[in-house]
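I opened my notebook to look up a few things in this structure. Come and read along with me.

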Amino acid sequence: MENILIKNGRVLDPATNMDQIADVWIVDGVIKEILPLSSDSMTVGNIEADVVLDATGCFVMPGFIDLHVHLREPGFTYKESVETGAKAAAHGGFTTILAMPNTKPTADNGEVIRLVHKKGEAVGSSRVLQIGAITKGQEGQELADFSEMIRAGTPAVSEDGKAVKDAALYLEGMKLAAAHGIPVLAHCEDLSLVRGGVMNDDERARELGLPGITKAAENVIVARDIMLAKEAGVHLHLCHCSTLESVELAAFAKKSGICVTAEVCPHHFVLNSGDIPTDDGNFKMSPPLRTREDQEALKEGLKKGIIDVIATDHAPHSPEEKNCSMKEAAFGIIGLETAAALTMTELVEPGVLTPIQMAEKMSYNPAKILKLDRGSLAESKVADVVVFDPRETYVIDANDSYSKSRNTPFAGKTVKGRVRATIVGGRVVYER
Ligand SMILES: [Zn+2]
């Protein structure tokens, strides 16, 4: 096990509210000591490290935790695999990622969950946790075996890709999740309101001549799921919120004492439908880019703490599935390797979030939601760490990627902030 000294960085720990220049000393996979520069320099001088990382000018944060990733294995490894996804995650500063269950076969049983975990461990990069499906085959007919999936190590259940249509069945599933003490991660979308839409239903959709998706498709299910969660007494986590109304409903739920947390994806706070330049499949995702008003509401929600988490919804697809009209393209974009830079550029740099809030939304809060002992750099904690340089400005290059896929609308965008190193359990898994 490496003995690592991260020197002279700005250490940001939301768990202890630490924000100061310090050295971080990692021994045997855990944080041994945080040594502020004011401390006895003899102590620092005495440290013998196998690896010394100079973090001067960089943020040193607890490793990012992504609650929302599609790894496409088993079943769709032409898009991504556990290996390429975990490496892309490490490249993006993520030390733990949660894989959604819409694989083939569906991750609705212990066998698939153990398979993904085993592959993740073999890769030895970012930690991979597989989320279990709520219903068998995600078909919405019968609940999956939660006990079996939890025994295999799943930390949460989700039907991501769709909502559970049958409210009674969903309520039963939520009660079961509550009994097991795990959260339900909800993709909120009423398919009967989508009706073949490919982008938000607004002026821009009419200009491009493309069929729109009403915001109500998201809003009605957010409202329904909050009410179901209240009844079930479960922790409901609202995935990829994209509308002003979702923020308002999450605020209502929190004020009412209902156990609800909410996430937003970078593309929804960076872009709005007005930014879609042409009928380009790389701008198609579910939920779609909304209006400027929604975009501003999401930023405000993050700032006010109504939105707890920034997650990527990393959704790799092949060029054939994306380099076409939005009418034919698959839903989703990749995001693991651009999330931190986009958050820095669009939220931290303009002062919407402080650097410590960035660490909170990308690491500390996701850990709390999963009840994982992560998201902190306090002494004796597992050394999952990201060294992030907030100063470097560059243009996003879709080919500077460990993912198998290239479907991003951010290629060519100038951003600020680059991951320098990612450490998982005291091991450097990525270094630039
Ligand atoms: Zn989703």
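**Entry 1: the zinc ion.** I looked up how the donor residues of the zinc ion are spaced in sequence, and I found D-x26-H-x52-H. The model I am reading is a predicted one. Its protein donors to zinc are Asp160 through OD, His187 through ND1 and His240 through NE2, at 2.0 to 2.2 Å from the ion. Asp160 and His240 link distant parts of the chain, 80 residues apart. I found Asp160 in the loop between β9 and α5, and His240 in the loop between β13 and α9.

Are these two buried or exposed? Buried means under 20% relative accessible area. Asp160 has a relative accessibility of 2%, so I noted it as buried. His240 is also at 2%, so it went down as buried too.

**Entry 2: strand β4.** Next I followed the side chains along β4, residues 51-54, and saw them alternate. Val51 and Leu53 point to one face and are buried. Val52 and Asp54 point to the other face and are not buried. I then looked up a partner: β1, residues 4-13, pairs with β4 in the parallel sense over 4 bridges. Ile6 stands opposite Leu53 of β4.

**Entry 3: helix α8.** How far apart are the end C-alpha atoms of α8? They are 24 Å apart, and this agrees with the expected span, because 17 residues at 1.5 Å a residue should span 24 Å. I listed buried residues in α8, among them Ile221, Val222, Ile226 and Leu228. Arg224 and Asp225 are on the buried list as well. After α8 comes Gly233, and I wrote down its positive phi, near 70 degrees.

Note on methods: Residues numbered from 1 in each chain as written. Heavy atoms only, no water. Buried < 20%, exposed > 50% of the residue type's maximum accessible area, 1.4 Å probe, protein only. Helix = DSSP H or I, 4+ residues; strand = E, 2+ residues; numbered from the N terminus. Pairing = 2+ DSSP bridges. Donors = N, O, S within 2.8 Å, 3.2 Å for Na, K, Ca; no water. Expected span 1.5 Å × (residues − 1).
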